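User: Can you walk me through this model? I'd like to go topic by topic.

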Amino acid sequence: MADGKPIIFSGIQPTGAKHLGNFIGAIRQYVTGQDRGDPAIFCVVDLHSISVPYDPEDLRERVLDTAAILLAAGLDPERCIFFRQADVREHTEMTWYLSAVTSHGDLDRMTQFKEKTGSARELASSALFYYPVLMAADVLVYRGQEVPVGEDQRQHVELMREIARRFNARFGETLVVPELVLPKVGARIMDLQEPERKMSTTGGTPQGTVLVLDDEKAIRKKVGSAVTDSGREVRAAPDKPGVTNLIDILAVARGTGREEIEREFDGVGYGDFKAAVADGVVELLAPVRERYEEIRPDEAALEATLAAGAEKARAIASVTVADVRERMGFG
Ligand code: TYM
């Protein structure tokens, strides 16, 4: 399939409402990757979602919500492979094989596990601890070369690179070592109310989290009440996390850089600046919400799209799994 072209792979969880951080850090990158014309594979990672308590019926619904958002944002199943992770069993199988070259210490160093569990570590599922191996399997089973993600996934991508290198060193050249691909601006969108924390439906504030499906009124309210910093300048700086975050958001919405935004709003008050950011976010998200409303009700069509994607995905993944099994001495 690849014809020597780099394969792009990324995944997104179906749990939690998708927010502006997901959209800017990841979803937009998926669409540009697909539009570049290189093979692009994207999946809704429902297997990852069982690492925290969940309801099976709800999971099914959330997979469809997430799939509809990605399609509404511009993924085109004619031009990329788009599927549900659990439909392709090679992911789970590959996870086990890769565990042979993943140490307990590797997983113990993962900061996201520590952040997510805090003092409740003993009670966390082993799936949550093991999550990065499944994530490595997701990419390596397609011999993915580029992994577009937000900054919070950096450590996981570094680990999958290490797992691929170790597998090749131990069993012979088989897997591809993938590259982390971060967006130039917006790799870490922060919570609008607490700009020291990343925007997140689990760790952030509801008022500081703009959802992809928020209507115009909700967006204006959230952006309008965003925390700014002391001073009055619209300037990106480490001691101005609130303003810096809004500059990044507007830069993405306008398709420009930080400097252009700083220049345009030089001497303009925070009120007008925030109104411009709200306009930008509304323009960015409104078309996605509108298309979502059209796509989401047709569950049979969504299921058919995911099933067709899974079939294409399986055709690639099964080849890698066969190579891996051969190298590892099975069968
Ligand atoms: P998930 O579902 O938490 O997030 C999906 C994508 O959104 C990015 N993201 C952000 N980007 C910028 N600012 C933020 N505040 C922000 N919050 C989230 C994430 O970096 C991610 O790219 N483990 C992954 C899913 C996954 C995956 C994979 C990704 C499973 N297998 C294989 C790539 C390749 C996750 O939980 O992402």
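Analyst: We can cover the domains, the cores, one bent helix and some salt bridges. Keep in mind that this is a predicted model.

User: Domains first. What does the assignment give?

Analyst: The domain assignment gives domain 1 (8–187 + 299–328) and domain 2 (216–293).

User: How far apart are the centres of domain 1 and domain 2?

Analyst: Their centres, taken over C-alpha atoms, are separated by 30 Å. Domain 1 puts 10 residues into the contact, and domain 2 puts in 10 residues.

User: Now the largest nonpolar core. Which residues touch the most other members?

Analyst: Leu20, Phe23, Leu75, Phe82, Phe273 and Leu285 do, in a core of 58 residues. Several elements give two or more residues to this core, including strand 1 (8–12), helix 1 (20–36), strand 2 (40–44) and helix 3 (56–73). Helix 9 (216–224), helix 10 (241–254), helix 12 (270–295) and helix 13 (299–328) are also among them.

User: Which helix gives the most to this core?

Analyst: Helix 12, with 12 residues. The core also draws on both domains, taking at least three residues from each of domain 1 and domain 2.

User: You listed Phe273. What is Phe273 in contact with, sequence neighbours aside?

Analyst: Leaving out residues within four places in sequence, Phe273 contacts Val234, Val243, Leu246, Ile247, Leu250, Ile261, Phe265 and Val268. Apart from this core lies another one of 43 residues, with Val88, Met94, Leu98 and Val141 among them.

User: Back to helix 3 for a second. Is Thr66 buried or exposed?

Analyst: Thr66 is buried, because its relative accessibility is 2%. Its place is in helix 3. Not counting residues up to four places away in sequence, Thr66 touches Ile12, Gln13, Pro14, Lys18 and Val44.

User: Switching to the bent helix. Where does helix 7 bend?

Analyst: At Pro132, by about 40°. Helix 7 covers residues 126–140, which makes 15 residues. From first C-alpha to last, helix 7 reaches 22 Å, close to the 21 Å expected at 1.5 Å a residue.

User: How many of the residues of helix 7 are buried?

Analyst: 12 of its 15 residues are buried, so "mostly covered" is fair. The bend residue, Pro132, is one of the buried ones. Others include Leu128, Tyr131, Met135, Asp138 and Leu140.

User: What about Phe129?

Analyst: Phe129 sits in helix 7. It is buried, at a relative accessible area of 16%. With neighbours within four places in sequence set aside, Phe129 contacts His104, Leu107, Asp108 and Phe113.

User: How far apart are Phe129 and Asp108?

Analyst: In sequence, 21 residues; in space, 7.8 Å, C-alpha to C-alpha.

User: Does Asp108 pair with anything? Or rather, which side chain does Asp108 meet in a salt bridge?

Analyst: Arg121, at 2.7 Å from N to O. Arg121 lies in the loop between helix 6 (111–117) and helix 7, and Asp108 lies in helix 5 (residues 104–108), so the pair ties together parts that are 13 residues apart in sequence. Arg121 is partly exposed at 35% relative accessibility. Asp108 is partly exposed too, at 29%.

User: How many salt bridges does the structure hold?

Analyst: It holds 29 salt bridges. Lys198 and Asp152 form one of them, at 2.9 Å from N to O. Lys198 lies in the loop between strand 5 (179–181) and helix 9, while Asp152 lies in the loop between strand 4 and helix 8 (154–171), so this pair ties together parts that are 46 residues apart in sequence.

User: And which residue forms a salt bridge with Asp38?

Analyst: Arg36, with the closest N and O atoms 2.8 Å apart. Asp38 counts as buried, at 13% relative accessibility. Arg36 is partly exposed, at 43%.

User: Which residues are linked in a network of salt bridges?

Analyst: Asp58, Glu61, Arg62, Asp65, Arg296 and Glu299.

User: Last one, on the backbone. What is odd about Arg143?

Analyst: Arg143 has a positive phi of about 50°, yet it is not a glycine. Most residues other than glycine have a negative phi. Arg143 is found in the loop between helix 7 and strand 4 (146–148).

Notes:
Residues are numbered from 1 along each chain as its sequence is written. This is a predicted model: local features need pLDDT of at least 70, side-chain atom pairs count only at pLDDT 80 or more; totals for chains, interfaces and linings use all residues. Side-chain values use heavy atoms; hydrogens and water are left out. A nonpolar core is a set of buried Ala, Val, Leu, Ile, Met, Phe, Trp, Tyr and Cys residues joined through side-chain atoms within 4.5 Å. Buried means under 20% relative accessible area, exposed over 50%, partly exposed in between (1.4 Å probe, protein chains only). Helices (H or I, at least four residues) and strands (E, at least two) are DSSP runs, numbered from the N terminus. Domain bounds come from an automatic or database domain assignment. Contact means heavy atoms within 4.5 Å. The expected span of a helix is 1.5 Å times one less than its number of residues. The bend at a residue is the angle between axes fitted to the seven residues ending there and the seven starting there. A salt bridge is a side-chain nitrogen of Lys or Arg within 4 Å of a carboxyl oxygen of Asp or Glu.
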